[in-house]
Amino acid sequence: MNAFEQTVAGEQISGPPSQTDYLLDRSFRGLATVCAWLILIVVGLILWKIGAKAVPAISEYQLGFLTGTTWDVNKQVYGILPEIWGTLYSSILALIIGGFFGITMAIFLTQDFLPPRIALVFRTIIELLAAIPSVVYGLWGIYVVIPFVRPIADWLNAEFGWIPFFSTTLSGPGMLPAALVLSIMILPTIAAVSQDALRMVPYRIKEAAYGLGANRWEVILKVMLSTASTGIFGSLVLGFGRALGETMALAMLIGNSNQLSLSLFSPGNTLAALLALNFPEAGQHEIPVLMYAALVLLLITFVVNMAGTAIMTMTSKQLKAGR
Amino acid sequence: MNMNFSAASNVNASKNAHSNVVIDCNLDKVFYGDFLAVRDSHVPIQKGQITGFIGPSGCGKSTVLRCLNRMNDLIEGFRFEGNVHFNNQDVYHKTVDPVVVRRYIGMVFQQPNPFAMSIFDNVAFGLRLNRFKGDIAECVENALKKAALWGEVKDKLKASGLSLSGGQQQRLCIARAIATEPAVVLMDEPCSALDPISTRRIEELMIELKEKYTIALVTHNMQQAKRVADKTAFLSVEISEGGRTGYLVELGETSQIFDDPKEELTQQYIRGEFS
């Protein structure tokens with residue numbers, strides 16, 4: 001007990017925290033610090049391991065690996081341009097479709113279109129979508145989505161085949177069914193985070209818009225969305241990140257063929273699907289190559305997330321500080 | 001949209017000349033759900049004047065104000081008995097769209113609430129809603145000048161409205177409200193979140209604005225009503241079944257309310273015996 005604590009000790013109910021209090025406080029802080037560092041260490045280890053295993057392939061194929069379009073194990077010619085293209089293309093398509101529906105649902109569920117109780121039911125159903133295993137989505141895609149889109153795809157190809165997006169026929173698996181299923185998979189993320197963003201908009205902002213004589217849609221489109229834009233953008237970044245890394249459903253639906261095509265109906269491949277399908281039978285020589293591909297996938301998701309975060313901090317700073 | 005109501009501000013101006021009442025507020029009972037929030041409050045708002053509403057917390061000053069431009073429609077369970085007339089037209093008539101009411105009767109809120117957009121876009125918001133065909137930049141400049149904010153922001157109109165200080169934000173909200181030249185501006189404790197200097201500026205502003213606009217001002221600060229209001233309405237609160245109900249105690253010229261209040265309750269309030 002120090003001099004300060006001794007001045008009124010014993011006369012008051014108030015007193016200094018006990019040794020146990022201090023110990024708890026310190027150990028909790030220590031635990032939190034360790035956990036924070038652990039995340040960094042695990043990420044570092046993953047990068048280190050993959051990087052080390054990829055070194056032989058990186059030195060052998062260098063940057064040509066990124067622009068090559070054939071994958072032939074027998075001739076030991078490897079290139080992942082079609083996979084990079086397929087990863088980005090399927091994710092962007094999914095982002096467009098999933099983003100549109102996700103944001104629309106977020107508006108529908110937060111802007112008093114439904115009685116609160118029914119809105120809660122809808123919200124729970126959307127969140128349940130996130131709990132469905134990837135492989136189930138894949139099966140659903142094969143047995144439901146592909147048969148459903150095939151006649152539409154055939155018609156589009158027959159009537160509008162001159163448009164690059166419709167330039168091939170759908171032979172079964174392909175970009176469109178993959179992107180459709182992928183969009184449903186990222187929908188819960190986008191809808192949930194956008195809902196949070198919209199709910200965070202203070203009521204007084206909404207009131208201000210109504211007070212100026214805006215009708216409901218003007219309030220939503222001109223004020224609510226722009227005020228929540230940073231959070232909504234964040235939801236899109238998260239959704240895109242999830243789409244880039246999604247593996248199983250895509251491996252089942254995209255066709256796994258090394259094609260580089262704008263057509264929505266052409267089969268393609270993604271980095272994650274390539275890794276999942278080739279690892280089990282990979283020989284000594286193929287493993288470093290696959291590690292190299294994994295590193296590229298990691299890099300793409302990393303860049304997308306960093307760029308997204310950077311844009312978000314920039315816009316939120318602009319909103320707050322101006323200029 | 002109701003044409004009668006839209007045209008009211010022009011056509012009925014002459015009809016009303018003798019009384020000069022822009023908004024005739026006759027609230028008999030205002031309910032939120034089962035809760036009686038306000039009773040028996042009849043306050044005519046005179047054209048070109050500032051009508052102040054004072055009274056203790058929970059006396060329903062804001063509720064009364066929000067009945068005038070149908071902001072209470074946004075609150076579930078709101079209903080009322082009585083009527084509100086704007087230039088002799090029933091504001092709550094079933095053919096009147098509340099959106100239209102709010103375009104003629106603007107509002108400034110307790111908390112500054114600029115949108116997360118540039119200063120210019122904030123002020124232009126109402127003009128764009130009304131599909132204003134004239135020179136938006138000129139109107140924005142005029143509104144900002146009237147709100148005594150132009151000098152401070154003219155070099156950074158593209159900056160976000162949220163980058164301004166609290167007092168500036170509130171003047172921005174006033175500029176936004178008056179840019180579309182509504183007939184009446186309702187001010188709901190506009191200075192409660194502000195420092196004394198900003199408060200002073202906004203009070204000066206209200207006095208300038210009443211040349212052109214009719215103002216209804218809710219204030220928790222008696223002295224503010226004394227400084228700026230032409231007429232003052234004193235509301236009080238009584239404990240009633242299921243909660244507290246506000247009602248109008250006395251309405252009169254501001255000087256009369258403060259120097260020679262008729263009601264015992266008003267005298268006590270003015271003397272500061274309760275608040």
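Four residue pairs are in polar contact across the interface of chain A and chain B, counting pairs with both residues at pLDDT 80 or more. Two salt bridges join the two chains as well. Keep in mind that this is a predicted model. Inside chain A there's a second interface to look at, the one between domain 1 (13-59) and domain 2 (80-321).

**Chain A against chain B**

- Put together, chain A and chain B bury about 2100 Å², with 64% of that on carbon and sulfur atoms.
- On the residue level, 23 residues of chain A and 26 residues of chain B take part in the contact.
- One of the two salt bridges pairs Glu218(A) with Arg103(B), and their closest N and O atoms sit 3.6 Å apart.
- Which helices of chain A each supply at least two residues of the side that touches chain B? They're helix 8 (203-211), helix 9 (216-227) and helix 13 (286-321).
- Helix 8 of chain A gives the most to that side, with eight residues.
- Sorted by class, the side of chain A that touches chain B comes out at 10 nonpolar, seven polar and six charged residues.

**Domain 1 against domain 2 in chain A**

- The C-alpha centres of domain 1 and domain 2 of chain A are 32 Å apart.
- Eight residues from domain 1 of chain A and seven residues from domain 2 of chain A make up the contact.
- These two domains bury about 700 Å² between them, and 91% of it falls on carbon and sulfur atoms.
- On the domain 1 side of chain A, the biggest losers of area to domain 2 are Ile50(A), Lys53(A) and Ala57(A), which together account for 55% of what that side buries.
- How many salt bridges turn up across the interface of domain 1 and domain 2 of chain A? The rule finds zero.
- Polar contacts don't show up here either: the count between domain 1 and domain 2 of chain A is zero residue pairs, with both residues required to be at pLDDT 80 or more.
- By class, the residues on the side of domain 1 of chain A that touches domain 2 of chain A split into six nonpolar, one polar and one charged.

**Confidence in chain A**

- Chain A has a mean pLDDT of 89, and 98% of its residues reach 70 or more.
- Among the elements of chain A, helix 4 (residues 81-110) has the highest mean pLDDT, at 94.
- At the other end, helix 1 (residues 3-6) of chain A has the lowest mean among those elements, at 79.

Key
Residues numbered from 1 in each chain as written. Chains lettered and ligands numbered in written order. Predicted model: local features only at pLDDT ≥ 70, side-chain atom pairs only at ≥ 80, totals over all residues. Heavy atoms only, no water. Domains from an automatic or database assignment. Contact = heavy atoms within 4.5 Å. Buried area = accessible area lost by both parts, 1.4 Å probe. Salt bridge = Lys/Arg side-chain N within 4 Å of Asp/Glu carboxyl O. Polar contact = N/O pair within 3.5 Å; in protein donor to acceptor, adjacent residues only side chain to side chain. Nonpolar A, V, L, I, M, F, W, Y, C, P; charged D, E, K, R; others polar. pLDDT = per-residue confidence, 0-100. Helix = DSSP H or I, 4+ residues; strand = E, 2+ residues; numbered from the N terminus.
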